[in-house]
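Please open the model in your viewer and keep the sequence panel alongside. The tour proceeds by selections, each followed by what is found there.

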Amino acid sequence: MPKGLSTDRGAPGDSRRRNLGALLRRVHLAGPVSRVGLAEWLGVNRSTVMALTAELAAAGLVREVPATSGGRAGRPSFVVRPESEAVHVLAFDIAVDRLVAARVGLGGVMAARLEADRPRAGADLDAVVSVLAGFGRELHRGAPPGSVCVGVGASYCGMIRPGDGMVRFGPDMGWVDQAFGAELARRLDLGLPVLVGNEAHLGAMAEHQRGAGLGVQNLIYLHGDVGVGGGIVVGGDLLDGDGGYGSEVGHMLVNPYRGRPCGCGSRGCLEAEVGERALLDEAGRPADHRGREAVRAVVAAAGAGDAAARQALGRIGDWLGIGVANLINLFNPGVVIFGGTLSEVFPAAAPQVRRRIAANVLPVSRDKARLTVSALGYDATLIGAADLAFSPLLTNPLAAPTHP
Ligand SMILES: [Zn+2]
């Protein structure tokens, strides 16, 4: 939905900055857009768009090129392209089993990507940051000559304090109050802060802006890793609560009396009932089977007719359906998106999920909610981290760093 351009209110320069930001954000999220398309999107005339794009082009953020298609007579039309090679960010994804880093160009172009497995237990801050900083230096060295790094973003599988990237609580890694963002910024030594967000919050926004939730203003994103993270988007904005710790749907209580113990210290949380360990235990897999591949193996076995695997997915699907039914009743979303390992579990457990929704969701909300898997796959959280890293540039395009 067009956001519209700002008119002059408040301090001089504020509206110009907002207008430049709105235009650059559109090009960043949608890719190359015609000037006509930008004018329609923003609800302004073409000369206003020309003035704004000229300013962004002079700053090295976009390039205007003649449109190649059409061939109609009259004034040539121009397409505004993001300068993906000249402007980039570094993005990191800290998941329970793996560390991922990428150099992402303006426009969301993933130019280079590095990944390492890592052990779940005993991962201290220094060990994790050492790997990430090494990845970051390698990606920075590999950038095209003259390309400017305008930000650094990271997705973390735990509860993050907004502002300084402090990991307040990361139950799967045993981290409590670790200064992750500050330490990674110090080790990267790029003169840039590291903006850190919760993985499911970032995945939700990435799906909303680029993926399965494109054009949907109210959605719920469930991210399966060891546990279940949640991101709730209401009216186009992330619902993150008073302190930034909201949308923890994985710890929604669904089975308080006979529930499985949860990593948070409680019992019967949604993630305890539908997470990786619950699925593998129900399927009779030994305790040393874990991770994405083990989950995938259960789904494959169920597809091949393995009775224990089918029963496990049926049970997980029932609990997942209870959780999703509660969320649909609460938030009336247009779409519920299953990401991470849930993108593999959900299709195999969909009949049970849908049965719960049919039985337990109010009809007026039930008819509206679509259920689907992530369009961005396992990279949704990484893409969300890249967009977080671009956010200062998109807020104030002309204040971007200009040194490589
Ligand atoms: Zn819990």
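Which residue in β3 is the bridge partner of Val62? Select Val62 and Pro82: Pro82 of β3 is that partner. Before going further, note that this is a predicted model, in which local features need pLDDT of at least 70 and side-chain atom pairs count only at pLDDT 80 or more, while totals for chains, interfaces and linings use all residues. Residues are numbered from 1 along each chain as its sequence is written, and side-chain values use heavy atoms, with hydrogens and water left out.

**The open sheet**

Extend the selection to residues 78-82, which make up β3; this strand pairs with β2 in the antiparallel sense over 5 bridges. Strands here are DSSP runs of E with at least two residues, helices are runs of H or I with at least four, and both are numbered from the N terminus. Two strands pair if DSSP finds at least two bridges between them. The sheet is open, with 3 strands in the order β1-β3-β2 and antiparallel pairing. At its edges are β1 (33-34) and β2 (62-66), each pairing on one side only.

**Helix α6**

Next, select residues 199-210. Helix α6 has 12 residues and reaches 16 Å from its first C-alpha to its last, close to the 16 Å expected at 1.5 Å a residue; the expected span is 1.5 Å times one less than the number of residues. Because 10 of its 12 residues are buried, α6 is largely enclosed by the rest of the structure. Buried means under 20% relative accessible area, exposed over 50%, and partly exposed in between (1.4 Å probe, protein chains only). Among the buried residues are Glu199, His201 and His208. Add Asn198, which caps the N-terminal end of α6: one of its side-chain oxygens lies 2.9 Å from the backbone nitrogen of Ala200.

**Two buried acidic residues**

Glu199 also leads to Asp225, which it touches; the other residues touching Asp225 are Ala95, Val96, Glu276 and Thr341, not counting residues up to four places away in sequence. Such contact means heavy atoms within 4.5 Å. Asp225 is found in the loop between β12 and β13 and counts as buried at 13% relative accessibility. A polar atom of the Asp225 side chain lies 3.3 Å from the backbone nitrogen of Val96.

Now select Glu271 in helix α7, buried with a relative accessible area of 12%. Beyond four places in sequence, Glu271 is in contact with Gly227, Val228, Gly250, His251 and Cys262.

**The largest nonpolar core**

Select Leu222, Leu279, Leu320, Val324, Val336, Phe338 and Leu371: of the 41 residues in the largest nonpolar core, these touch the most other members. A nonpolar core is a set of buried Ala, Val, Leu, Ile, Met, Phe, Trp, Tyr and Cys residues joined through side-chain atoms within 4.5 Å. Its largest share, 11 residues, comes from α10. Centre the view on Leu371, whose contacts beyond four places in sequence include Val324, Phe338 and Phe346.

**Aromatic pairs**

Finally, display the rings of Phe338 and Phe346, which are stacked at 4.1 Å centre to centre with 5° between the planes. Rings of Phe, Tyr and Trp (its six-membered ring) pair if their centres lie within 6.5 Å; planes under 30 degrees apart count as stacked, over 60 as edge-to-face and the rest as tilted. Phe338 is buried at 0% relative accessible area, and Phe346 at 4%.

Methods
A polar contact is a pair of N or O atoms within 3.5 Å; within protein, one must be able to donate a hydrogen and the other to accept it, and residues adjacent in sequence count only if both atoms are side-chain atoms.
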